[in-house]
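Subject: Handing over a structure

Hello,

Here is the structure I am passing on to you. Please open it and keep it in view while you read.

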Amino acid sequence: MDKLKRQFTVEINEARCRSCAVCWDAQVCEPQVLSWQPPFNKAIVVDIDACTGCRHCEWLCPDWAIVVRDVAPTLMSQAGAAASGLEAAP
Ligand code: SF4
Ligand code: SF4
């Protein structure tokens with residue numbers, strides 16, 4: 001049986017990002033999933049596997065540039081899906 005692990009995606013709208021540095025602060029994103037990229041220091045995702053889905057980045061971004069999504073159901077094993085009552089991904 002596959003081990004169930006919640007997985008998340010973090011989308012950053014580069015056009016909206018104003019490089020304010022809020023989201024990559026370790027007090028906002030403790031696992032340091034986010035960082036920045038020169039030359040404009042726009043936010044980027046550097047370690048999506050470490051994301052806990054807390055949504056602090058999404059809530060605190062002053063420009064609504066971040067969307068966090070839970071994609072866990074698509075990763076469930078057959079056995080895990082049966083146990084949870086959800087359909088497993090093909
Ligand atoms: S909090 Fe929002 S605007 Fe600020 S760096 Fe992060 S994505 Fe960009
Ligand atoms: S949802 Fe939480 S852990 Fe994931 S990138 Fe945002 S602040 Fe970091």
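A term to begin with: strands here are DSSP runs of at least two residues, labelled E and numbered from the N terminus. Alanine 21, for instance, sits in the loop between strand E1 (8-12) and strand E2. Keep in mind that this is a predicted model.

The overall layout

The chain has 90 residues, and 12% of them count as buried. Two helices and four strands make up its elements. Read from the N terminus, their order is β-β-β-α-β-α. Take the contacts between residues at least 6 apart in sequence: 51% of these link residues at least 24 apart.

The hairpin

E2 and E3 pair in the antiparallel sense, over four bridges. Together they form a hairpin, with four residues between them. Within this pair, tryptophan 36 faces alanine 43 of E3. The turn has asparagine 41, with a positive phi of about 55°. Proline 39 is also in this loop, between E2 (34-37) and E3 (42-45). The peptide bond leading into proline 39 from proline 38 is cis, with omega near 10°.

The loop before it

Two residues between E1 and E2 deserve a look. Alanine 21 has a positive phi of about 80°, although it is not a glycine. Is alanine 21 buried or exposed? Alanine 21 has 12 other C-beta atoms within 10 Å, so it is exposed. Glutamine 32 lies in the loop between E1 and E2 too. Its phi is positive as well, near 55°, and glutamine 32 is not a glycine either. Glutamine 32 has 13 other C-beta atoms within 10 Å. The exposed class ends at 12 and the buried class starts at 20, so glutamine 32 counts as partly exposed.

The core and the two ligands

The largest nonpolar core holds 11 residues. Among them are Val10, Leu34, Ala65 and Ile66. Leucine 34 has contacts beyond its sequence neighbours within four places, including Cys23, Cys29, Ala43 and Cys57. Those four residues belong to the core as well. Leucine 34 also touches Trp24, Ile44, Val45 and Val46.

Which residues come nearest to ligand 1? They are Cys17, Cys20, Cys23, Ala43 and Cys61, out of 13 around ligand 1. Of these, Cys23, Ala43 and Cys61 are core members. By class, the shell of ligand 1 has 10 nonpolar, one polar and two charged residues.

Ligand 2 has 14 residues around it. Cys29, Val33, Cys51, Cys54 and Cys57 are the closest. The core includes Cys29, Val33, Cys51 and Cys57. The shell of ligand 2 has 10 nonpolar, three polar and one charged residues.

Glutamate 58

Glutamate 58 is in helix H1 (residues 56-60). Glutamate 58 has 17 C-beta neighbours inside 10 Å, which means that it counts as partly exposed. Leaving out neighbours within four places in sequence, glutamate 58 is in contact with Ile66, Val67 and Val68. Ile66 is also a core residue. Glutamate 58 and valine 10 are 48 residues apart in sequence. In space, their C-alpha atoms are 8.8 Å apart.

Where to look first

Start with alanine 43. It stands opposite tryptophan 36, is in contact with leucine 34, belongs to the core and is one of the residues nearest to ligand 1. Then turn to the cis bond from proline 38 to proline 39.

Best wishes

Definitions and conventions: Residues are numbered from 1 along each chain as its sequence is written. Chains are lettered from A and ligands numbered from 1 in the order in which they are written. This is a predicted model: local features need pLDDT of at least 70, side-chain atom pairs count only at pLDDT 80 or more; totals for chains, interfaces and linings use all residues. A residue is near a molecule or strand if its C-beta atom, placed from the backbone, lies within 6 Å of it. Ala, Val, Leu, Ile, Met, Phe, Trp, Tyr, Cys and Pro count as nonpolar, Asp, Glu, Lys and Arg as charged, and the others, Gly among them, as polar. A nonpolar core is a set of buried Ala, Val, Leu, Ile, Met, Phe, Trp, Tyr and Cys residues joined through C-beta atoms within 7 Å. Two residues are in contact if their C-beta atoms, placed from the backbone, lie within 7 Å. Two strands pair if DSSP finds at least two bridges between them.
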